[in-house]
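Me: I have just opened this structure and would like a friendly tour. Could we go through it in questions and answers?

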Amino acid sequence: MGARRAGLLLALVAATSAIARHPAQAQRVRGTLTDSATREPVSGAVVSVLDSAGQFLSRTIADDKGRYAAALLRGARTLHVVRIGYRPADASIANGDSTIDFRLAPIASQLAALTVSDRRVCPGKPGTSEAVELWEQARNGLLASIVSRESNPPRLRIRNYWRTLDQLRKRTESDSRAVKDITADRSYVAARPAWAFEADGYMREHVGGERDYFAPDEAVLLDPSFAATHCMHLVGADAAHQDQIGIGFEPADIRARDTVVDLAGTLWLDQRTPSLRSFEFVYTNLESRALGSGGTLIFATMPNGVPMIVRWNIHAAILAVDADNSNGVRRRPPPRSSRTNVRVLGYQETGGETGYAIWPDGSHWNLGLSRILGVVVDEAGERVPHARVWFNGGRDTVVTNDTGEFHFPYQFPGNYVLIASDSLLARQAIGRNIPTRIWLTEVRDAPVRLILHPRSEILPLVCPAKSYVPGSGVVFARLVNPDGSAADHARVEVETTAKFAAGDTLAAAIRRIGETGDDGRFIVCGAGLDRPLRVRGQKEGLAGEALVERWPDEIAIMTIVLKPTNVPRLPLRLLVRHQRLLERR
């Protein structure tokens with residue numbers, strides 16, 4: 001009897017279409033798109049330059065003012081414009097730079113008048129239906145999403161999550177989240193190209209029972225293979241989809257694909273302002289215990305009028321497969337829908353959401369996230385400029401301005417702990433404030449005031465007991481091997497001098513020996529700020545050293561690279577003299 005966790009994947013995959021390269025000297029066609037009824041500009045339309053065979057040579061997206069500019073490559077004959085909610089438009093292209101304006105005919109009223117029926121349209125069957133006409137409109141929106149991503153990709157902040165739930169009450173047992181920033185020049189939802197889904201389906205089963213479930217994205221839905229393997233019909237609005245109309249999909253009856261895990265679901269469009277809203281699906285050809293496994297894609301319209309996936313998720317049952325040892329004969333397993341040797345261990349959910357998007361021209365979109373607005377002050381209440389502020393356990397770091405103010409834009413709801421420090425201690429992730437916890441909710445800025453405590457209160461907590469006294473120096477050092485890896489458990493020698501009076505003021509060498517930690521780091525505390533200090537590391541025939549001759553600050557930070565060496569070690573006083581001679585040169 002074996003139990004295996006089901007794996008759920010939502011990863012990055014490159015879109016299958018490519019952008020034509022435009023020579024710098026290429027001629028261009030420009031123009032403006034307007035609504036023929038309202039005379040308002042039409043944004044988010046795809047403008048394609050076609051050759052005489054109807055193949056696209058270049059394409060672009062109309063901006064928020066309805067303006068476009070497309071390169072005219074050799075063989076350009078026709079300009080083709082499509083936009084969800086409008087009829088397609090074409091125009092012949094003249095030689096040389098030119099201007100062509102379009103007045104696009106809206107079809108929103110026609111979408112509202114569509115009649116829902118059970119009639120299905122399947123691949124290879126003649127005839128048309130209102131579902132096919134609506135599908136063409138949806139394709140225009142999907143195409144716009146892909147072309148916009150190719151030609152003008154935004155920077156996105158994405159939060160992914162992964163959680164497991166128990167079998168009975170579906171309560172969360174584990175929950176992990178990760179936030180990352182990406183450039184959305186490719187898909188960030190589907191983990192495989194459309195041809196792979198056509199051939200192998202949307203679930204991959206490994207030896208031992210582990211499973212990977214996949215979700216489609218705009219490129220997969222747009223690919224001809226999706227329509228070629230699915231029947232479609234119109235779906236009417238319901239309580240959860242008011243003022244919407246859907247295109248229902250289900251796997252076509254294709255014998256070669258009757259065992260693969262496919263998708264059945266609905267692509268929902270807004271009828272009032274034609275736009276993509278969501279794609280909700282379930283997986284087919286699964287065991288009865290896994291029925292209901294599926295997912296959702298949520299679309300939002302960006303400032304440039306283009307739809308973009310902003311939320312996505314997959315939920316699936318975690319199954320244990322009982323071994324079949326009947327008579328010791330190994331047989332081909334029955335179709336999944338007929339299998340009975342499985343048990344549900346629990347459930348798994350994975351997905352993500354886009355918090356905000358920023359385009360190169362400065363335009364942006366926000367899911368409804370909060371900002372953290374704050375100020376850093378010292379114990380006397382004076383504002384501290386150029387302080388570092390970061391999230392505990394996170395990567396984001398900001399620097400206060402000349403008035404000590406800072407802000408973190410567009411943060412997902414949740415619990416955060418803020419740390420603040422000066423630039424040197426921040427490099428060691430050492431804060432000078434009491435960690436400050438804040439709770440963010442949607443669309444509500446959070447003000448915060450962080451108080452920096454003096455270094456003299458912080459450094460004793462970092463240094464070994466009683467090794468630090470105010471007014472002494474502290475060295476944060478790290479030894480690394482020639483390949484950049486940490487030199488763990490390396491020998492460390494620290495040498496400085498001590499002054500004493502015996503008629504004249506004399507100096508005597510003081511040496512201390514220690515060892516680096518697992519990360520190659522160590523700390524030297526209590527150094528005299530008026531005396532030089534040498535740090536030397538050794539490990540397995542490698543050695544390296546660094547010298548602090550003068551202390552511009554009470555904190556020094558160094559990285560020492562260990563190298564093969566046969567050079568004898570100079571006494572500290574000779575090393576200082578040698579260093580000064582080099583500086584004079």
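What follows is a short conversation about aromatic rings, strands and a few chosen residues in this predicted model.

Me: How many aromatic pairs does the structure hold?
Reply: Happy to start there! A pair of aromatic rings is described by the distance of the centres and the angle of the planes. In this structure, the number of aromatic pairs is 13.

Me: Take Trp135 and Phe249: is their pair stacked or edge-to-face?
Reply: Let's look at the geometry. The two ring centres are 5.3 Å apart, and the planes meet at 75°. Planes over 60 degrees apart count as edge-to-face. The pair of Trp135 and Phe249 is therefore edge-to-face.

Me: Where in the chain do these two residues lie, and how many residues apart are they?
Reply: Trp135 belongs to helix α2 (residues 130-151), while Phe249 belongs to strand β16 (residues 244-251). Their pair thus links distant parts of the chain. The separation between Trp135 and Phe249 is 114 residues.

Me: Is Trp135 buried or exposed?
Reply: Residues under 20% relative accessible area count as buried. Trp135 has a value of 4%, and Phe249 also has a relative accessibility of 4%. Because 4% is under that cut-off, Trp135 is buried.

Me: What kind of pair do Tyr213 and Tyr283 form?
Reply: Their ring centres are 5.0 Å apart, with 55° between the planes. Stacked pairs have planes under 30 degrees apart and edge-to-face pairs over 60, so the rest are tilted. With its 55°, the pair of Tyr213 and Tyr283 is tilted.

Me: Which strands does that pair tie together?
Reply: The two residues are 70 positions apart in sequence. Both are buried, Tyr213 with a relative accessible area of 0% and Tyr283 with 3%. Tyr213 lies in residues 211-213 and Tyr283 in residues 275-283, so the strands are β14 and β18.

Me: Which residues do ring pairs link into a cluster?
Reply: Some names are already familiar: Trp135, Phe249, Tyr213 and Tyr283 are among them. In full, the cluster consists of Trp135, Tyr213, Phe226, Phe249, Phe279, Phe281 and Tyr283.

Me: The charged end of Lys170 sits over which ring?
Reply: A similar arrangement is found at Arg59, whose charged end lies over the ring of Phe56, 4.2 Å from its centre. For Lys170, the distance to the ring centre is 4.6 Å. The ring beneath Lys170 is that of Tyr347.

Me: Which are the edge strands of the open sheet with the order β25-β24-β27-β28?
Reply: This sheet has four strands with antiparallel pairing, and its twist averages 30° from one strand to the next. An edge strand pairs on one side only. The edge strands are β25 (397-399) and β28 (436-440).

Me: Which residue in β25 is the bridge partner of Arg388?
Reply: Strand β24 (residues 388-391) and β25 run antiparallel and are joined by three bridges. The partner of Arg388 in β25 is Val399.

Me: How many bridges pair β34 with strand β35?
Reply: Strand β34 (residues 533-539) has six of its seven residues buried. Across from it, in β35, Glu545 stands opposite Arg536. The two strands pair in the antiparallel sense, and the number of bridges is seven.

Me: In the hairpin of β34 and β35, which residue takes a positive phi?
Reply: This hairpin has two residues between the strands. The phi in question is near 50°, and the residue is Glu540.

Methods. Residues are numbered from 1 along each chain as its sequence is written. This is a predicted model: local features need pLDDT of at least 70, side-chain atom pairs count only at pLDDT 80 or more; totals for chains, interfaces and linings use all residues. Side-chain values use heavy atoms; hydrogens and water are left out. Rings of Phe, Tyr and Trp (its six-membered ring) pair if their centres lie within 6.5 Å; planes under 30 degrees apart count as stacked, over 60 as edge-to-face and the rest as tilted. Buried means under 20% relative accessible area, exposed over 50%, partly exposed in between (1.4 Å probe, protein chains only). A charge sits over a ring if NZ of Lys or CZ of Arg is within 6 Å of the ring centre and within 35 degrees of the ring normal. Two strands pair if DSSP finds at least two bridges between them. Axes are lines fitted to C-alpha atoms, for helices over the stretch in contact, and angles run from 0 to 180 degrees between N-to-C directions.
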